[in-house]
Amino acid sequence: MNHAFPRNFKSEYLKAEKGAGIYIFDADGKEYIDGCSGALVSNLGHCVDEVIEAVNQQYKKLEFGHPSRWSFPIVEEAAAAVAEIAPKGLDTVWFVSGGSEAVESALKLARQYFYDRDGIYTSKSLTIGRWNSFHGNTLGTMAVGGAMSRRRIFSPLFKESPKIEATYCYRCPFGLKQESCNTRCAYRLEEEIRRVGPQYISSFIAEPIVGSTVGALVPPDEYWPIVRDICTKYDVLLIADEVMTGCGRTGKGFAVDNWNVVPDIIATAKGLAAGYVPTGGMIASTSIVDTIRNTSGGFMHGHTYNSNPIAAAAVVAVMRYMKEHKVIENVARNGEYLISGVRKIAAENPIIGDVRGKGFMCGVEIVKDKDTKAPFEKGVGAAGVATKECINAGLIIYPSGGMIDGVEGDNFLLAPPLVTTKEEIDLILERLSKGMSAASKKLLK
Ligand code: PMP
């Protein structure tokens, strides 16, 4: 009898024994490349001495104090280090324990901002979200998220939020071609704000590049600047969910930097402490923080593990390591090499329909027929088959399923640690090619 509740009783789990760099070894000593950094978490690779040592040092100094009583120099240091890579004007960080908490904090901060700014009769409270998007598994984050399979059972537990379509150029939800679409997906936000009424809307939340639901959906270059302008026009706060894309994943500090857009709030996690300690952070603009400081005097929100000194020590060490080893520069330099390498594999492989992404975040969509883009039938579990075959080839990938015309589709993310070298990318591509070739033979049999 197992006492630890597994994610899925039917899954076969690999028994992890130890890690080193981009590799994880199982209990039998077999080596795997962590080709998805866990779930885009382990940005520095595994068991980096400098980070472990820094966390240990903090343990010896002080492991915990309640954030309602104590402030910690190490937390201030961590916030300053995060602000350094955040877009200009976003310089106040609220530390939490993970991505869902970071998003929940953002939704509540947006509401409190208008409450403090406009008074208790303000009706600005709703957050517009997008379909095919994931913002977390708590009730508030599920309400703004659009991951159908995760919502199905639990939707009676939360209050629905308005939704628009996510960008999905391979299967445009409006049936348009990118060359002539006039970024219809971005202007849908304006329609929705006007339909609901801007007086009821506090914020719009989106992942700059959709991650876990449909695998690295990169929007057209015009998308984020248009969305920024619409939010400003209607006095709606823009929340970028950078839980996956933040902290260097796309070759920039945060993914919104790819389009020079400054949101009002960023939610981040995963790469923030790179898996060394469970951590998340909400980064807010100076004007939001000043409004709250000067009106109610404090954010009416909080958790026991806010501003945790151990987590902060990990964040400081991760940020320092990234700077000293020019980690973000490595992604900027080699991201295209990784993605074009996957495109070359796709050209030879009959079931890879689309390859997309930025930096070290590459999404792969599996289809039954490349010409018609028809997905495999429900129940085939093509992403699962691909994952198994890649694991057999010694490469861990991150499978997901999004909605394609009302059917769950098959995608996966290839997103190695941000420290991965060009030579290691070659090895990843070799294993991916082998795994996907075996998967296509099985699936097209
Ligand atoms: N937002 C995004 C974009 C995510 O990818 C995730 C996790 N996959 C979350 C929020 C939730 O983060 P957590 O699992 O740490 O609660």
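User: Two strands are said to pair if DSSP finds at least two bridges between them. In this predicted model, which residue in E2 stands opposite Ala 20?

Analyst: Strand E1 and strand E2 (residues 23-26) run antiparallel and are joined by four bridges. That satisfies the requirement of at least two bridges. In E2, the residue opposite Ala 20 is Tyr 23.

User: Which strands stand at the edges of the sheet that contains E1 and E2?

Analyst: This open sheet has three strands in the order E1-E2-E3, with antiparallel pairing. Two of the strands each have a single partner strand, so one side of each is left without a neighbour in the sheet. The strands at the edges are E1 (16-20) and E3 (31-33).

User: How many residues does domain 2 bring to its contact with domain 1?

Analyst: The domain assignment of the chain gives domain 1 (16-47 + 326-443) and domain 2 (51-324). Their C-alpha centres lie 26 Å apart. Domain 1 supplies 36 residues to the contact, and the number from domain 2 is 32.

User: How many charged residues does the side of domain 1 that touches domain 2 have?

Analyst: Several elements each supply at least two residues of that side, including helix H1 (37-40), helix H11 (327-348) and strand E11 (352-358). By class, the side has 18 nonpolar and twelve polar residues, and the charged residues number six.

User: Where does the largest nonpolar core lie with respect to the two domains?

Analyst: This core has 134 residues, and among those that touch the most other members are Ile 265, Ala 314 and Cys 362. Helix H10 (residues 309-324) gives the largest share, eleven residues. Because domain 1 (16-47 + 326-443) and domain 2 (51-324) both give residues to the core, its place is between them.

User: Is Val 327 buried or exposed?

Analyst: Val 327 lies in helix H11. Leaving aside neighbours within four places in sequence, its contacts are Gly 248, Met 322, Leu 418 and Val 419. A residue counts as buried if 20 or more other C-beta atoms lie within 10 Å of its own. Val 327 has 22 within that distance, and therefore it is buried.

User: How far apart in space are Val 327 and Ile 265, C-alpha to C-alpha?

Analyst: Leaving aside neighbours within four places in sequence, Ile 265 is in contact with residues including Ala 106, Leu 237, Met 282 and Ile 288. Val 327 and Ile 265 are 62 residues apart in sequence. In space, C-alpha to C-alpha, they are separated by 24 Å.

Methods. Residues are numbered from 1 along each chain as its sequence is written. This is a predicted model: local features need pLDDT of at least 70, side-chain atom pairs count only at pLDDT 80 or more; totals for chains, interfaces and linings use all residues. Domain bounds come from an automatic or database domain assignment. Two residues are in contact if their C-beta atoms, placed from the backbone, lie within 7 Å. Ala, Val, Leu, Ile, Met, Phe, Trp, Tyr, Cys and Pro count as nonpolar, Asp, Glu, Lys and Arg as charged, and the others, Gly among them, as polar. A nonpolar core is a set of buried Ala, Val, Leu, Ile, Met, Phe, Trp, Tyr and Cys residues joined through C-beta atoms within 7 Å. A residue is buried if 20 or more other C-beta atoms lie within 10 Å of its own, exposed if 12 or fewer, and partly exposed in between; C-beta atoms are placed from the backbone.
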